[in-house]
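Thanks for asking for a second pair of eyes on this one. My notes follow as numbered points, to be read with the structure open beside them.

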Amino acid sequence: MSVGLLGKKLGMTQVYDDKGVLHPVTVVEAGPCTVLQKKDAEKEKYTAVQLGFQEKKESRSNKPTLGHAKKAGAKPCSFVREFRTDPGEEVSVGDKLTVNRFQTGQFVDVIGISKGKGFLGVVGRWKFAGGGAAHGSKSHRRAGAIGERADPGHIFKNHKMPGHTGRDRITVQNLRIVNVREAENVLLIQGAIPGANGDFVVIRPAVKKKAEKKK
């Protein structure tokens with residue numbers, strides 16, 4: 001897997017392409033990302049690079065984070081993630097990676113954390129129909145019976161019940177890059193991506209799909 005970028009979701013808009021077709025896009029601030037560490041197969045048993053995005057004040061960082069950043073000659077970062085690489089990847093510690101790693105028409109996968117919904121009941125969380133709405137009913141928005149009889153005598157795992165909803169790690173695959181704006185460090189990615197505006201995301205080249213060849 002080649003190295004991608006770290007970024008931040010800014011919001012959604014819509015743009016026209018060269019043929020006059022309107023596309024809904026998500027605006028993502030991608031990079032510049034600093035290479036904080038490079039791992040090799042001899043020491044760590046695998047090859048990877050560690051990227052940092054969005055510098056933060058040293059006063060808001062602990063000593064391990066400061067020391068790790070100083071080894072790379074960089075400032076501490078708010079968002080740090082790792083990318084697996086091929087053994088011959090030409091990336092060095094301290095390099096700055098920008099949006100020019102991507103090109104218009106390329107397909108990418110975007111990884112983010114979905115919006116948190118808090119504690120929800122079964123109707124809001126799993127779209128249960130609920131009970132009767134008449135006055136005689138005493139189970140309007142409940143799940144109903146969840147137990148078993150004497151055999152097996154317990155509730156199975158993963159049973160749909162009330163609970164915390166959202167804040168899950170979501171990967172959206174095969175999204176096409178509509179435009180790359182190098183001057184603004186911005187990518188326009190077709191479609192929606194997980195998370196709220198301002199949340200951090202990971203953008204990597206698509207694993208299951210390659211860019212279409214121009215005729």
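1. Let me start with the cysteines, and with the cut-off they need: a disulfide is a pair of cysteine sulfur atoms within 2.5 Å. Please keep in mind throughout that this is a predicted model. How far is the sulfur of Cys77 from the closest cysteine sulfur? That closest sulfur belongs to Cys33 and is 8.2 Å away, too far for a bond. Looking from the other side, Cys33 has its closest cysteine sulfur in Cys77, again at 8.2 Å and too far for a bond. The count of disulfides by this rule is 0. Both side chains are nevertheless out of the way: Cys33 is buried, with a relative accessible area of 0%, and Cys77 counts as buried at 7%.

2. Next, the nonpolar interior. In soluble globular proteins, nonpolar side chains tend to be buried together. Here the largest nonpolar core has 28 residues. Which residues have the most contacts inside it? They are Leu6, Leu51, Val108, Val110, Leu187 and Ile203. There is also a second, separate core of 6 residues, and Val15, Val25, Val27 and Leu188 are among its members.

3. Leu51 is a good place to centre your view. Setting aside residues up to four places away in sequence, Leu51 touches Val3, Gly4 and Leu6, among others. Its contacts also include Cys33, Thr34, Val35 and Leu36, as well as Phe79, Val80, Arg81, Phe83 and Leu97. Two of those names tie this point to its neighbours: Cys33 is the buried cysteine of point 1, and Phe79 returns in the next point as part of an aromatic cluster.

4. Now the aromatic rings. The ring-pair rule gives 2 aromatic pairs. Phe53 and Phe200 have ring centres 6.0 Å apart and planes at 85°, so this pair is edge-to-face. It connects distant parts of the chain, with Phe53 in strand β4 (residues 48-55) and Phe200 in strand β12 (residues 200-205), 147 residues apart. Phe79 and Phe200 also pair, this time stacked, at 4.8 Å centre to centre and 5° between the planes. That pair too links distant parts of the chain: Phe79 lies in strand β5 (residues 77-84), 121 residues from Phe200 in strand β12.

5. Taken together, Phe53, Phe79 and Phe200 form one aromatic cluster. Is each ring buried or partly exposed? Phe53 counts as buried at 2% relative accessibility, and Phe79 is buried as well, with a relative accessible area of 7%. Phe200 counts as partly exposed, because its relative accessibility is 27%.

6. Two charged side chains sit over rings. Arg84 lies over the face of Tyr46, at 4.2 Å from the ring centre. Lys209 is placed over the face of Phe107, at 4.5 Å from the ring centre.

7. On the backbone, please look at two cis peptide bonds. One runs from Gly31 to Pro32, with omega near -5°, and Pro32 lies in the loop between β2 (22-30) and β3 (33-39). Another joins Asp151 and Pro152, where omega is about 5°. Pro152 is in the loop between α3 (122-126) and β9 (163-165).

8. Positive phi values deserve a look too. Lys127, a residue other than glycine, has phi near 65°. Lys127 lies in the loop between α3 and β9 and is exposed, with a relative accessible area of 67%. Arg167 is not a glycine either, yet has a positive phi of about 55°. Arg167 is found in the loop between β9 and β10 (169-181) and counts as partly exposed at 47% relative accessibility.

9. Finally, Tyr16. This residue is in strand β1 (residues 5-16) and counts as exposed at 60% relative accessibility. Apart from neighbours within four places in sequence, Tyr16 is in contact with Val21 and Leu22. The C-alpha atoms of Tyr16 and Gly198 are separated by 24 Å, with their positions 182 residues apart along the chain.

Notes:
Residues are numbered from 1 along each chain as its sequence is written. This is a predicted model: local features need pLDDT of at least 70, side-chain atom pairs count only at pLDDT 80 or more; totals for chains, interfaces and linings use all residues. Side-chain values use heavy atoms; hydrogens and water are left out. A nonpolar core is a set of buried Ala, Val, Leu, Ile, Met, Phe, Trp, Tyr and Cys residues joined through side-chain atoms within 4.5 Å. Buried means under 20% relative accessible area, exposed over 50%, partly exposed in between (1.4 Å probe, protein chains only). Contact means heavy atoms within 4.5 Å. Rings of Phe, Tyr and Trp (its six-membered ring) pair if their centres lie within 6.5 Å; planes under 30 degrees apart count as stacked, over 60 as edge-to-face and the rest as tilted. Helices (H or I, at least four residues) and strands (E, at least two) are DSSP runs, numbered from the N terminus. A charge sits over a ring if NZ of Lys or CZ of Arg is within 6 Å of the ring centre and within 35 degrees of the ring normal.
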